[in-house]
Structure formats: C-alpha cells, structure tokens
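Colleague: Could you take me through the sheet in this one, strand by strand, along with whatever packs on it and the loops around it?

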Amino acid sequence: MLLADVAAASVDVSATSSRLAKVARIAELLTGVGDAPLVAVVVAWLSGELPQRQIGVGWAALRSLPDPAAEPTLTVAGVDATFTDIGAVAGKGSQARRAELLAGLFGAATETEQVFLRRLLGGELRQGALAGVMADAVAKAAGLPAAAVRRAAMLGGALPAVAAAALAGGTEALSEFTLTVGRPVGPMLAQTATGVADALERLGGDAVFEAKLDGARVQIHRSDDEVTVYTRSLDDVTARLPEVVDAALALPVTTLIADAEAIALRPDKRPHRFQVTASRFGKSSDVAAARAAQPLSVFFFDILHLDGVDLLDEPTHARLAALDAIVPADNRVDRLVTTDPVAAQDFLDSTLAAGHEGVMAKSPASPYEAGRRGASWLKVKPVHTLDLVVLAVEWGSGRRTGKLSNIHLGALDPQTGGFVMLGKTFKGMTDAMLDWQTTRFTELATSPLDHYVVQVRPEQVVEIAFDGVQGSSRYPAGMALRFARVLRYRDDKGPAEADIVDTVRTFYERD
C-alpha cells in the first residue's frame, strides 16, 4: 500500500465531523491493506502514534523540509522501515545521519504526504481517529461486532495488534486476547468534573474520592517472583523502577495486576515537581545511582487480577476491598467514600494543601473499563490561567486546512521587554475562533504566509488555561506549560499587560 493512500484517508477523515463517515473511510482503507503487520502500522499512524514510539525526531527537525515530490512512490512498509532506521541511529554523527534519512524520506513525499508525516512525527496528527472511532472501523473492516473488538483491545492493550489479528483471523483470533498477567491492559481513564458537587451529582450522589497524585501512573504485573511494570502508554519500564518491583514483591500474593502511582516525595512527604518523578522513567546507565539520588514512593489505587481471579468486571467497592486486604494503608492512595459534598470538598482542600493535583471521584458500582474514558471516573482539579502573547502560528490540516491554528505562546520578560516562548497549543479553539484568528494573525504576520510557521508581531494577548508547568530544554526559559488550551482572546489587554515569565516560574517552583 502507498503512503499516499493513508495520507488521503487522513485528509478525508479530518474533513468530516460525522463519526459514521470517519468509520467508513478508515474501514475502506484497512480492507485494502492486505498484509496483517501493515494493518497494525496503519492503525497506529491514523491514531497519531508510531509503532516505534520515539525515534529521536522533534519539531525542530521538521522546520525546514525539501521540496515535495511530484508523484507518490513511498510505500507504508518502506516508510515504517525508514522510521525504524532513524530510531536505530546512535553514536557519533547520529544527528547528521538522522537528518539525512529524514531528508530522503520527505524528499520522496508529495505535499499531502509531507503534511501527514510532519504531523505524525511532530505528535500533532489530529484527524478524529480516536480509539473508539478506530475500534469501530476495525470491526467494520473485519466484519466483527464492535464490542468484541473493543474488548480485545482493552485486554490486549494495543489496538494496532488487535486490528491485525481481527482482519487476519476474525473471531477466533480475537478470542486469544484475554486478561493475562504480564501483558499490559489499556488503563481506565477519566472524564472531567467541575467540582466535587458536580462529581457527586454525576455519579448518583455516592462516590469514592481518591487523592490525585502528580506522579506517574504505572501498571504492575506479578507472577510468583517475576514483576513487570508498564507506563500509562504501556511501555515496559521494569528495569528503571526497582522500587515498584520491590513494592509488588512485598505483597502477600502470587499473581497480581494492579494500578499504582509512582512519585518522588520530599523529606516532608510533599511531592517534588512532576519532572523529578519523570526523570526516573528515562533511560539511565546506573539505575542504582538514580534510585539513591531520588527514590520513588509507590501508592496502589486499583486491582484487576488477584491470585488467579480476574476482578476487571467487579464493582469498584469489591476491587478496593481486595486491594485493602493485601496492600498496607501506607502504600494506598488516600481515599474517602462519601455522599456529603462538604466532606468531599474538605478532602479536596486537604489534598491540594498537601501539594497534590486534586482528586478522583469514582462510582462505587462501576467495573474497570480498561482502555476507555468512562463516565464512572471523574477528575477534579483546579485550573490555572495566564494571559500570554501569541508569537507565531502554524497552518492547520484536515478540517483546519486553510486556517491558522496552532499558536506559539510567550510570557513577557520585563528585563528585556521581549517575550519568552512557553509552548504552543491548538486546543480549545472553536470554528468561529479559528476564523477570527486566521484573519487577525494574517494582519500581524511578519514572515511569508506560505511558510508552515508564520511569525507574527507580538501584540495579541490570549487567556490560556493549563494544568501545571514542567521543565523543558526546548524553550529558552527552561519551562513549558502542561495541557495548555485557549479560553479566549483578550482584546482588552495589550502585550505589556501579559503575565511575566517570573509569574510562570512561581507555578514551576510550586509544582
């Protein structure tokens, strides 16, 4: 299959808001792939992921691209192999070799293919092919019930592998995807509530509230003395987290699958900023030294399997009872079961005062909906805002083709009078906002409008909501906003009234 076929399907899916149309277009593409391993690749790509995960290509490497090819020649198999080659480059001269491979790839790509590859590699491919849509498309292509595909993906941990099996082997192949110790399961995710009262109302008046720690979620599998630890994205990080392994081995169990949070705590038990915890998840040649320098604490909050018994479909209260029977209180996430909004608010306030993110509210009767963002788990946490200045903007793709979309955000540096970039975002923009900002930033443009990134005069103030500030070597201030999204444009404020970089640093130091 040609890359052009996948890129064209991506454009088509982006151009429609109809879920049925998205499903039909992706299913049409998948039925034409043929080779099962390539089905997995195409499903991963259209979900905005690389099978190789990270290959060492960041946004800076995608700034300057060769002229596009006139005719499509690239194949899915060839591009996937090139990604593997790029990811394998290491050692002296690796940067130049990676750039050479990247230039060769983009030089052979048509304009449509270049846009697709750039957004895929830049982590900005958003064409609406989310997990639910993709699972339905796989089911349609394979002629199988959508529920069966979703269940297999839930237990298999990765939809691309399930898609390959479904199209190659049908129902029989899907039956092989069962809850298995040692094979990661798609984690259950949460929707957002505006507050504890809202959470209680949406959960029917009764909820399990848990402290939402600003650590890193891990999924722990144990079979006898063998422990495997996976990240939220299902990467195996066992060798990097000996504390998590030790915590699992300390439990009086034989087999186990559990959800937990690994977090770096200060001597006073308050959390370090998230980047400190995240640093332990990176590759290290000396894990023992990293552990000695910054140990992690482990707090369990859910259990999916215990000593031969699957608990996945059991209600929350039953799973928590099983968890409490084997995990000491000091190693469990703080919890409150209540119907009282005042008590829930006090629990939230005390959790925030302890330095944590907020709380989770869970239905006591809900099963573990692995791989889904279900309505029975709700997250409640405060939202921070900053008034920042737009420094540049990128042209959109798919439904946003022809619109100036992704905005670069800067805080005022009072010492220089200039602005320091803190990240970029395309989230939170309505269609009306996109129309307005395309006109506005065309007027403010200081670089050619036919460039992918358009520089603009730093005059437009925008109110940005964000969840926190993390360390980043990508930006001059060494900081970046976490989960930034647009609330509104502030025409009532000039750039001199934007928040200063020192204000942002207070959030960073607090986190």
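Modeller: Here is a walk across the sheet, from one edge to the other.

Before that, some ground rules: this is a predicted model, where local features need pLDDT of at least 70 and side-chain atom pairs count only at pLDDT 80 or more, while totals for chains, interfaces and linings use all residues. Residues are numbered from 1 along each chain as its sequence is written, and side-chain values use heavy atoms, with hydrogens and water left out.

The sheet is open and has five strands in the order β4-β3-β5-β6-β7, with antiparallel pairing. Helices (H or I, at least four residues) and strands (E, at least two) are DSSP runs, numbered from the N terminus, and two strands pair if DSSP finds at least two bridges between them. The edges belong to β4 (226-231) and β7 (309-310); each has a single partner strand, so one side of each is left without a neighbour in the sheet.

Let's start at the β4 edge. Its partner is β3 (residues 216-223), joined to β4 by six bridges in the antiparallel sense. One facing pair there is Q219 with Y230 in β4. The two strands make a hairpin with two residues between them, and D224 in that turn has a positive phi of about 55°. Edge strand or not, β4 is mostly covered, with five of its six residues buried. Buried here means under 20% relative accessible area, exposed over 50%, and partly exposed in between (1.4 Å probe, protein chains only).

Leaving β4, the chain enters the loop between β4 and α11 (242-249), where L234 is found. L234 has a phi near 70°, a positive value in a residue other than glycine. As a reminder, most residues other than glycine have a negative phi. L234 counts as buried because its relative accessibility is 15%.

There's a counterpart to look at after β5. K269 lies in the loop between β5 and α12 (274-279), and its phi is also positive, about 75°, although K269 is not a glycine. At 59% relative accessibility, though, K269 counts as exposed.

Back in the sheet, β5 and β6 run antiparallel and are joined by eight bridges. I263 has S297 in β6 as its bridge partner. β6 (residues 297-306) is mostly covered too: nine of its ten residues are buried.

On its other side, β6 pairs with β7 in the antiparallel sense over two bridges. H305 stands opposite D310 in β7, and L306 faces V309 in β7. These strands also form a hairpin with two residues between them, and D307 in the turn has a positive phi of about 45°.

What packs on this sheet? Helix α14 (residues 316-326) does, touching β5 (255-263) and β6, and its direction makes about 125° with that of β6. Contact means heavy atoms within 4.5 Å. Axes are lines fitted to C-alpha atoms, for helices over the stretch in contact, and angles run from 0 to 180 degrees between N-to-C directions.

So, to recap the sheet: the order is β4-β3-β5-β6-β7, with hairpins linking β3 to β4 and β6 to β7, and α14 packed against β5 and β6.
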